[in-house]
Amino acid sequence: MSLIRIKSFLKIIFAFTAALLIITQSNSQNSEKQLDVTADLFKCLTEMARVGSGVFFVDNLLGDLDGTMSVANSDNGGVYPAGSVISLVPTEVMIKHNEGWNPETNDWEFIELNVSESGSEIVGRGTTDVINRFGGNCFDCHKLARPEWDLICGISHGCAPLPITREAIAGIQNSDPRCMRED
Ligand code: HEC
């Protein structure tokens, strides 16, 4: 290979690397908009607030529980405020970071927990690539919710229904091992 060829080859490699870096950056989260999420923040499910429909539980890390509740109880959807924490079953949680954190997921982070009497352990977290214990991708299911529902599936927002009954879900909700703690 002549020197000129090597140079143009290197130029192409550099151009590719630069393009890749730009793509990666545009997909990454904005750390300035990120809330600090640690395992000790997760409460026993039934210590969270139950939404009016009774379907799932909510909280707000920034103290705006009223804001979170009003979207959760709305008949026509809305955008959840930053700090919102949503959970249907103890091991799966969605947390809303500040606006602009990750537009592709409406600033939601998907979190998979292990729960036991000694508390919660974060085993998976992220945006579009978090897989639950059944091998399902959180975002791939939740993105089917119609836009006005802010990626929340509920029972009639457009997501494919879960293959378990409401009674089974209630059973899982009522047997959160973290609620058995004595402290
Ligand atoms: C197979 C599709 C599917 C996968 C995978 C999935 N979910 Fe869901 N999720 C649903 C559906 C459907 C509901 C509503 C179920 C109901 O209430 O009947 C739901 C409910 C929820 C809720 C309560 C709020 C709501 O949207 O109704 C949260 C929070 C949640 N899921 C988080 C997660 C997280 C975190 C993951 C990954 C670790 C995950 N989900 C994986 C389909 C899925």
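A residue is near a molecule when its C-beta atom, placed from the backbone, lies within 6 Å of it. Keep that in mind for the ligand here, which has 25 residues around it. This is a predicted model: local features need pLDDT of at least 70, side-chain atom pairs count only at pLDDT 80 or more, and totals for chains, interfaces and linings use all residues. Residue numbers start from 1 along each chain as its sequence is written.

**Around the ligand**
- Leu88, Gly136, Cys138, Cys141 and Cys153 come nearest to the ligand.
- The shell has 17 nonpolar, six polar and two charged residues (Ala, Val, Leu, Ile, Met, Phe, Trp, Tyr, Cys and Pro count as nonpolar, Asp, Glu, Lys and Arg as charged, the others, Gly among them, as polar).
- Strand 3 (84-87), strand 4 (92-96), strand 5 (108-116) and helix 3 (138-142) each give the shell at least two residues; helices (H or I, at least four residues) and strands (E, at least two) are DSSP runs, numbered from the N terminus.

**The sheet**
- Six strands make an open sheet in the order 1-2-3-4-5-6, with antiparallel pairing (two strands pair if DSSP finds at least two bridges between them).
- Strand 1 (49-50) and strand 6 (119-126) sit at the edges, each pairing on one side only.
- Strand 5 and strand 6 run antiparallel and are joined by seven bridges; Phe110 has Gly126 in strand 6 as its bridge partner.

**Gly63**
- Look for Gly63 in the loop between strand 2 (57-60) and helix 2 (65-72).
- Gly63 and Ser84 are 21 residues apart in sequence, and their C-alpha atoms are 9.1 Å apart in space.
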